[in-house]
Amino acid sequence: MTGPQTDFPAARASTPRLLEVDDLYVEFHTRDGIAKVINGVSYHLDPGETLAVLGESGSGKSVTAQTIMGILDIPPGKVTGGRILYQDRDLLKMSKEERRQIRGQEIAMIFQDALSALNPVFTVGNQISETLRKRKGLSKSDATRRAVELMDLVKIPGARARIKDYPHQFSGGMRQRVMIAMALALDPKVLIADEPTTALDVTVQAQIMDLLADLRRDLNMGMILITHDLGVVADVADRIAVMYAGRIVEHADVHALYKKPAHPYTEGLLDSIPRLDSKGAELATIKGLPPNLMKPPTGCAFNPRCKYAKDICVTDVPPLLQLGDGRTSACHFAKELLDGRL
Amino acid sequence: MAVSETASKGETILEVENLVKHFPIRQGILFKKKIGDVKAVDGVSFELRKGETLGIVGESGCGKSTVAKLLMRLETPTAGRAKLHGRDIYKMGGSELRRLRRNVQMVMQDPYTSLNPRMTVGDIIGEPYEIHTDVAPKGDRQRRVQELLELVGLNPEHINRYPHQFSGGQRQRIGIARALALRPEVIVCDEPVSALDVSIQAQVINLLEKLQDEFGLSYIFIAHDLSVVRHISDRVGVMYLGKIVEIGTEDEIYSRPTHPYTQALLSAVPVPDPEARAHREVIRLEGDVPSPANPPSGCRFRTRCWKAQERCVTEEPLLILRPAADNHLSACHFAEQRHVVA
């Protein structure tokens, strides 16, 4: 499971990235017209790191992940541009069979709703070992043995006994652990977690996030964490990409971003969440609503809601400004915002 | 327009005493035998004052939504009383019950399923006037509905639109307008912002606060997001397995929690500050919440509590003033202040 490049995370320039999304465009063709849901998204992932993709509903965070996994419904979805490089090979140019080999074995995914992602009429042992039998050609008994190991790995108590249980016999947190065990069955190098704890209670959420962090470290996986929760991101992410209307509006090291956002949308989000450590005064809000992707605003997609918007924001799409240390922001006034001059 | 019974700010208007709701578990086809009870709410007491917000927090299955239904008189309690202005709401009938229905309203969690898709917004908000005809004369209704729409920040011209033409946040505003139509004194909000995106959530929270100031409303605010509850509440009750384990002012619960469950719950909340990662005190609870059909003896939290001793198994801790909790109620034999929120 160790690729040649997983061992030296420092030497980046010469070695290929583990995963790189490069200028991706995705549209949905619907009865009412064409919705441009991904508009030039680029990000990358290195082994052993956690990239958080943060955004609200409709921002395109999940569609990007589905495109990487090759589970986007086509039609109505359509990839209209860009590349997705996995260890320098473009996933979008591969045949169906080649992509099937990557899926699960190289890149695996876990979903928000573990109950609907599991099959209610098969035991969890059966569902975990199915992958092993089909993909690795293990015998039934070997696959079962490995399934027990995997359930131990994700800390399901009494794994040997519980392997014969059905999904409904597990609690929400335990079901999510079963999902994680299934995702890890083929030793993937990339784990995409799409809102893995959104459906869970806060104490269980903490357990699952701890587990994911431990597994990522122990197995040296790269993890893409898709979430809308600014708290979860701050707890586990190394880097963070903030999405709005199908674009990454800000991309930064997690410490830098929380210290001083370089995009008005990020700033608005951070200001609008209530705090646990004080009651606080009236919440700052981002006015208005997210844009309709069928007819997005001209210029910067955030301009109708932005408190700093100027004429140029309505006319020109902001370029991705480089702000040093790998930090980027898609705002005409990112530098001014960072310097507090807005 | 004025509230039917007038109470000055700070006066207790709702008193809940030892409220119990057990749901029977039945087995068998012809002769359904009762084999047990789900003890959803098992002895809950609190009071609500005029103009105040009482937050109720807890994890799924702790009984907080059942409390909401009981207060709305949508469920009949197994035992206990809830008195509005000194009158037991479960003994009301006839015109007194109709007045109660006017006086206590509800905002639901899901803005998608709680609005009838075949009714216009005007019909939805105006429907309460059909039942309580004395509140608004027929010719006056449209004007009233438009006033309400404006009050909650929607365009009064949209009175003839249908729910699907609105976004999630706007629909929640419609739900709030409907709750306000009869000028109630108490509004029970059951997870009113959980289904909304972060940037929209703040708008709805601010709206609820504005309306409270304007009309002197009292809120029961049920939610699982502890930061939101702190922001909006004056007092907070923490529920676990059908009981309130700790209740006090917002500051007492968040800054000086004394019950181990409150402490664990607060420490599990991910904080949007990556710098806090290193020095935050983390209490991780083991396992899941036990079944409310068969709660543990003595203290219900003892199976997950790090402080549990023999006494916790045999003796149920009462929700009383504890020396260590100077001025608020805590249901732990070993109540002790601990600072968990950074």
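**Exercise 1. A helix across two strands**

Find which strands of chain A helix α7(A) lies across, and at what angle the helix runs to β6(A).

*Solution.* Start with α7(A), residues 172-184. This helix lies across β6 and β7 of chain A. Next, compare directions: α7(A) runs at about 170° to β6(A). Please keep in mind that this is a predicted model.

**Exercise 2. The sheet of chain A**

Work out the strand order of the eight-stranded open sheet in chain A, and say which strands stand at its edges.

*Solution.* Step one is the order: β6-β7-β8-β3-β9-β10-β12-β11, with mixed pairing. Step two is the edges. Strands β6 (107-110) and β11 (321-322) of chain A each have a single partner strand, so one side of each has no neighbour in the sheet. Step three looks at one pair inside the sheet: β3(A) and β9(A), residues 239-244, are parallel and share four bridges. Within this pair, L54(A) has V242(A) of β9(A) as its bridge partner.

**Exercise 3. A hairpin in chain A**

Describe how β1(A) and β2(A) pair, and state how many residues lie between them.

*Solution.* First locate the strands: β1 covers residues 19-30 and β2 covers residues 33-45 of chain A. They are antiparallel, with ten bridges. Then look at the link, where two residues separate the strands of this hairpin. To check the register, find F28(A), which stands opposite A35(A) in β2(A).

**Exercise 4. Following helix α8 of chain A**

Compare the span of α8(A) with the expected one, list its buried residues, and find what covers them.

*Solution.* Begin with length. Helix α8(A) runs over residues 202-219, which is 18 residues. From first C-alpha to last it reaches 26 Å, close to the 26 Å expected at 1.5 Å a residue.

Now turn to burial. The run from V202(A) through T203(A), V204(A), Q205(A), A206(A), Q207(A) and I208(A) to M209(A) is buried, and L212(A) and R216(A) complete the list. An α-helix has 3.6 residues a turn, so residues three or four places apart point the same way.

What lies over these buried residues? From chain A, the cover includes β3 (50-54), α7, β7 (190-194), β8 (222-227) and α9 (230-236). Chain B takes part too, through its α9 (260-268). Finally, step just past the helix: N220(A) has a positive phi of about 50°.

**Exercise 5. Where the chains meet**

Count the residues that each chain brings to the contact, then describe the side that belongs to chain B.

*Solution.* Chain A brings 38 residues and chain B brings 34. On the chain B side, α6 (198-215), α7 (226-232), α8 (250-255) and α9 each supply at least two residues. The largest share, six residues, comes from α6(B). By type, the chain B side has 17 nonpolar, eight polar and nine charged residues.

**Exercise 6. Overall form of the two chains**

Give the secondary structure of each chain, and explain why chain B counts as compact.

*Solution.* Chain A has 13 helices and twelve strands, while chain B has eleven helices and twelve strands. The radius of gyration of chain B is 21 Å, close to the 20 Å from the globule rule for 342 residues, so this chain is as compact as a globular protein of that length. Chain A also has 21 Å, in agreement with the value near 20 Å for a compact globule of 342 residues.

As for burial, 47% of the residues of chain A are buried, and 48% of those in chain B.

**Exercise 7. Strands and a helix in chain B**

Trace the open sheet of chain B, then find the helix α1(B) that lies across part of it.

*Solution.* The eight strands come in the order β6-β7-β8-β3-β9-β10-β12-β11, with mixed pairing. At the edges are β6 (104-107) and β11 (320-321), each pairing on one side only. Strands β7 (186-190) and β8 (218-222) of chain B run parallel and are joined by five bridges; in this pair, I187(B) has Y219(B) as its partner. Helix α1 (64-71) of chain B lies across β3 (53-57), β6, β7, β8 and β9 (235-240), at about 150° to β8(B).

**Exercise 8. One residue up close**

Decide whether Q142(B) is buried, partly exposed or exposed.

*Solution.* Find Q142(B) in helix α4(B), residues 141-151. Count the other C-beta atoms within 10 Å: there are 14. Being buried takes 20 or more and being exposed takes 12 or fewer, so Q142(B) is partly exposed.

Key. Residues are numbered from 1 along each chain as its sequence is written. Chains are lettered from A and ligands numbered from 1 in the order in which they are written. This is a predicted model: local features need pLDDT of at least 70, side-chain atom pairs count only at pLDDT 80 or more; totals for chains, interfaces and linings use all residues. The radius of gyration is taken over C-alpha atoms; the globule rule is 2.2 Å times the number of residues to the power 0.38. Two strands pair if DSSP finds at least two bridges between them. Two residues are in contact if their C-beta atoms, placed from the backbone, lie within 7 Å. Axes are lines fitted to C-alpha atoms, for helices over the stretch in contact, and angles run from 0 to 180 degrees between N-to-C directions. The expected span of a helix is 1.5 Å times one less than its number of residues. Ala, Val, Leu, Ile, Met, Phe, Trp, Tyr, Cys and Pro count as nonpolar, Asp, Glu, Lys and Arg as charged, and the others, Gly among them, as polar.
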